[in-house]
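User: I am new to this structure and would be grateful for a close look at a single part of it. Please describe the first domain, its sheet and the side it turns to its neighbour.

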Amino acid sequence: MVQEPIRVGLMGLGTVGSGVVRLVKNHREDLFHRSGRRISIEKILVRDKEKERSVQVDPALLTDRPEEILQDQRIDLVVEVMGGIEPAYSCIRQALEGGKHVVTANKDLMALHGTELLTIAREKGCDLFYEASVAGGIPILRALTEGLSSDRITAIMGIVNGTTNYILTEMTRKGTPFADSLAQAQDLGYAEADPTADVEGLDAARKMVILANLGFHTHLSLEEVSVRGITDVTTEDIRFAGQLGYVLKLMGIAKRDEGRVEVSVQPALLSEEHPLATVDGVFNAVYVHGEAVGETMFYGPGAGEMPTATAVVSDLVTVVKNMGLGVNGRGIVAPYCEKRWKSSREIFAKHFLRLRLADEAGVMAGLTGIFAEEAVSLEKVLQVPVSRGDEAEIVLITHTASQHQLEAVLHRLDEMPAVRRLMSHYRVEGGEG
Ligand SMILES: NC(=O)C1=CN([C@@H]2O[C@H](COP(=O)(O)OP(=O)(O)OC[C@H]3O[C@@H](n4cnc5c(N)ncnc54)[C@H](OP(=O)(O)O)[C@@H]3O)[C@@H](O)[C@H]2O)C=CC1
Ligand SMILES: N[C@@H](CC=O)C(=O)O
């Protein structure tokens, strides 16, 4: 008996949606063999039906009315690649409540409403997959939920935003100014429609919430994550970090010790030996530490049309296979670990500080005295030349100290008259010893 095809309603035909159309067409036979059904894109929701498209589609498939997909009983599965919260949230909710399976690439939405939507999906016996929402083409969500499902995850650290990694790589390698590198990332289709979310760290924070919730089986919300982007990173910071043996990356850091978690996004220095240090350009990588497995790392393109479409269409294949087995929605695990945040006394790291000082006798002694009194020892100190004769600049790296100790030092430096300016400070990961 010839089975009916799986009927898909595609919401969005931009960068990712176009990739989905291309992949479904180009890998048609493989997808059929792997999923057991033909995949047919029945309708495509767009904002502007007249717009010129980079991919060829039958104009009769285009609609600007979501209900044409949501109320079509023949459609089994909705692929949401519009982005943003609304109308994506209402569409996905309505699709699930109507018994349609959903695949989405929308991290904004999954970071904000993921737990709620997954609960609806489970109750309705529907699948809701979102592999493409984190790290584009890297199957990291599947690694956490399947490959590492026997382990207890203690750390997830990642370069999870392709746009900022591209910008920082261009600044490091070629000294390309921030604005020019951002424009290139936009032209290449890596950046969000509003790139503020990329450069201010919010996009990475959304992904870290998704990763931490899956890895730690808890329910953390976005507002609780400490977020700092790359807009104040300078080429000097990058250069001095390099002189000390470090590279600067926008890092997502999620760690769990004895049930207490920390999650942050910040530009951080990585030792040149750290496995994440060589991840350049649009590439992403996620380093996962598990109690039993130890260190693992997942690497690949974090954004762009075809890598992201690969993740979306792979989710689609899983939905179709689950339909064949009659197990849709069963793989969704509800959060079962209590949420307990670390205090600032429980978060430990080394730190990089760049300070502009008055060039006077006794200033260095006063400065090192502050670090000693707060029990923060110094690992490396570098004096750098400055144009003003009455000023000196130093760059230093501390040994491991708590966040609380660092804040005490920064507060006291702020009150020390000879400290003219704190030029920059970053957390340092790796390079212990
Ligand atoms: N680009 C990337 O590399 C990656 C993107 N993602 C995520 O994938 C999703 C899609 O991103 P991307 O393809 O880059 O986005 P684009 O801006 O390129 O495309 C969005 C598409 O959705 C349509 N759309 C948007 N709003 C509406 C609306 N209100 N009603 C109807 N149609 C609408 C647009 O229609 P029209 O064309 O008519 O304007 C467009 O076709 C986002 O959630 C993004 O965060 C995830 C990983 C990587
Ligand atoms: N804007 C995002 C796209 C993928 O999620 C990024 O640059 O990583």
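Analyst: The following account begins with the division of the chain, continues with the sheet and ends with the domain contact.

The model is predicted. Its protein chain is divided into three parts: domain 1 comprises residues 6-136 together with 306-325, domain 2 covers 140-301, and domain 3 covers 348-429.

Within the range 6-136 of domain 1 one finds an open sheet of six strands, whose pairing is parallel. Read across the sheet, the strands follow the order β3-β2-β1-β4-β5-β6. At the edges stand β3 (62-63) and β6 (128-129), each of which pairs on one side only. Helix α1, formed by residues 15-26, packs on this sheet and touches β1 (6-11), β2 (39-45) and β4. The direction of helix α1 makes about 155° with that of β2.

One pairing may be followed in detail. Strand β4 (residues 77-80) and strand β5 (residues 101-104) run parallel and are joined by four bridges. In this pairing, L77 has H101 of β5 opposite to it.

The contact with the neighbouring domain comes next. Between the C-alpha centres of domain 1 and domain 2 the distance is 26 Å. The contact involves 16 residues of domain 1 and 21 residues of domain 2. On the side of domain 1 that touches domain 2, helix α5 (residues 107-124) supplies the largest share, namely seven residues. By character, the residues of that side of domain 1 comprise seven nonpolar, six polar and three charged.

Methods
Residues numbered from 1 in each chain as written. Chains lettered and ligands numbered in written order. Predicted model: local features only at pLDDT ≥ 70, side-chain atom pairs only at ≥ 80, totals over all residues. Pairing = 2+ DSSP bridges. Helix = DSSP H or I, 4+ residues; strand = E, 2+ residues; numbered from the N terminus. Contact = placed C-beta atoms within 7 Å. Axes fitted to C-alpha atoms, helices over the stretch in contact; angles between N-to-C directions. Domains from an automatic or database assignment. Nonpolar A, V, L, I, M, F, W, Y, C, P; charged D, E, K, R; others polar.
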